[in-house]
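Let's walk through this one together, a question at a time. Have the fold open while you read.

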Amino acid sequence: DRKMGRTTDVPLILGGHSFISQLGNDPPASEQEQRRIAETCLDHGIVWFDSTYKPERVALGKALHALGRRSEATILAWNFFTDFSPGDPVGGPEYYRPGHIDSILEQLHSVYVDILVVVPLENLEQNHRQQELVIEWQKKGYVRSLGLWISDPAVLENHGKENPYRY
């Protein structure tokens with residue numbers, strides 16, 4: 001049983017798709033509604049928030065900042081950086097690059113992200129580079145834990161005891 005933040009149970013997580021129309025709310029939630037969603041979750045013990053896409057991070061960051069409750073939230077961020085509006089394509093994952101952590105933290109109005117998720121792509125060398133980068137960010141305190149989005153758990157065996165991923 002792996003401890004996940006404040007509980008040993010699997011947490012209930014608010015999906016960031018609640019803040020966008022493509023995969024969640026249609027019509028999109030207003031900024032006031034986004035704040036109310038985040039506040040209601042926090043008030044009822046739902047403290048984990050997923051922010052896969054850039055517009056989700058921006059909305060969540062604004063909501064938590066306006067509420068003054070960032071410290072109560074556990075936030076997941078992913079390597080999706082396409083900016084889009086309602087009706088636009090959401091884009092896919094990209095390799096992490098050095099400036100991405102600054103963007104993520106700015107979008108979240110935060111000095112750290114709780115869990116940074118890596119979606120590996122096709123180029124093994126680029127994947128290795130992005131892994132080194134996220135480990136460096138973690139060492140510097142910008143990232144508390146690392147996650148890996150994979151379809152085959154056997155991939156973790158490649159890391160052996162040096163596996164940097166908690167999730």
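**Strands, helices and the core**

Q: In β5, which residue is the bridge partner of Ile 115?
A: Keep in mind that this is a predicted model. β4 and β5 run parallel and are joined by five bridges. In that pairing, Ile 115 has its bridge partner in β5, and the partner is Ser 145.

Q: Which hand does the β-α-β unit made by β4, α4 and β5 have?
A: The two strands here, β4 and β5, are parallel. The unit is built from those strands together with α4. Its hand is right-handed.

Q: Is β5 largely enclosed or largely open?
A: Count the buried residues, meaning those under 20% relative accessible area. Five of the six residues of β5 are buried, so the rest of the structure leaves this strand largely enclosed.

Q: Which strand gives the most to the largest nonpolar core?
A: That core has 41 residues, and Phe 49, Tyr 96, Val 113, Leu 116 and Trp 137 are those with the most contacts inside it. Several elements supply at least two residues each, including α1, β2, α4 and β5. The top contributor, with five residues, is β4.

Q: Which residue in β3 does Phe 49 stand opposite?
A: β2 and β3 run parallel, with four bridges between them. Phe 49 and Ser 51 point one way from β2, while Trp 48 and Asp 50 point the other, and all are buried. Phe 49 touches a string of residues, among them Leu 42, Leu 60 and Leu 76. Across in β3, Phe 49 stands opposite Ile 75.

Q: Through which helix does the chain cross from β2 to β3?
A: The strands at either end of this crossover, β2 and β3, run parallel. The β-α-β crossover is right-handed, and the helix the chain passes through is α2.

Q: Which residue stands opposite Trp 48 in β2?
A: On this side, β2 runs parallel to β1, and two bridges join them. The residue opposite Trp 48 is Ile 13.

Q: How far apart are the end C-alpha atoms of helix α1?
A: Helix α1 has 13 residues, 31–43, and at 1.5 Å a residue it should span 18 Å. The model agrees with that expectation, since the end C-alpha atoms are apart by 18 Å.

Q: Within what arc do the buried residues of α1 fall?
A: The buried ones are Gln 34, Ala 38, Cys 41 and Leu 42. Down the axis they line one face of the helix, because they fall within an arc of 100 degrees.

Conventions
Residues numbered from 1 in each chain as written. Predicted model: local features only at pLDDT ≥ 70, side-chain atom pairs only at ≥ 80, totals over all residues. Heavy atoms only, no water. Expected span 1.5 Å × (residues − 1). Buried < 20%, exposed > 50% of the residue type's maximum accessible area, 1.4 Å probe, protein only. Arc of directions from axis to C-beta. Core = buried A, V, L, I, M, F, W, Y, C linked by side-chain atoms within 4.5 Å. Contact = heavy atoms within 4.5 Å. Pairing = 2+ DSSP bridges. Right-handed = clockwise from strand over helix to strand, strands pointing away. Lists of a residue's contacts leave out its neighbours within four places in sequence.
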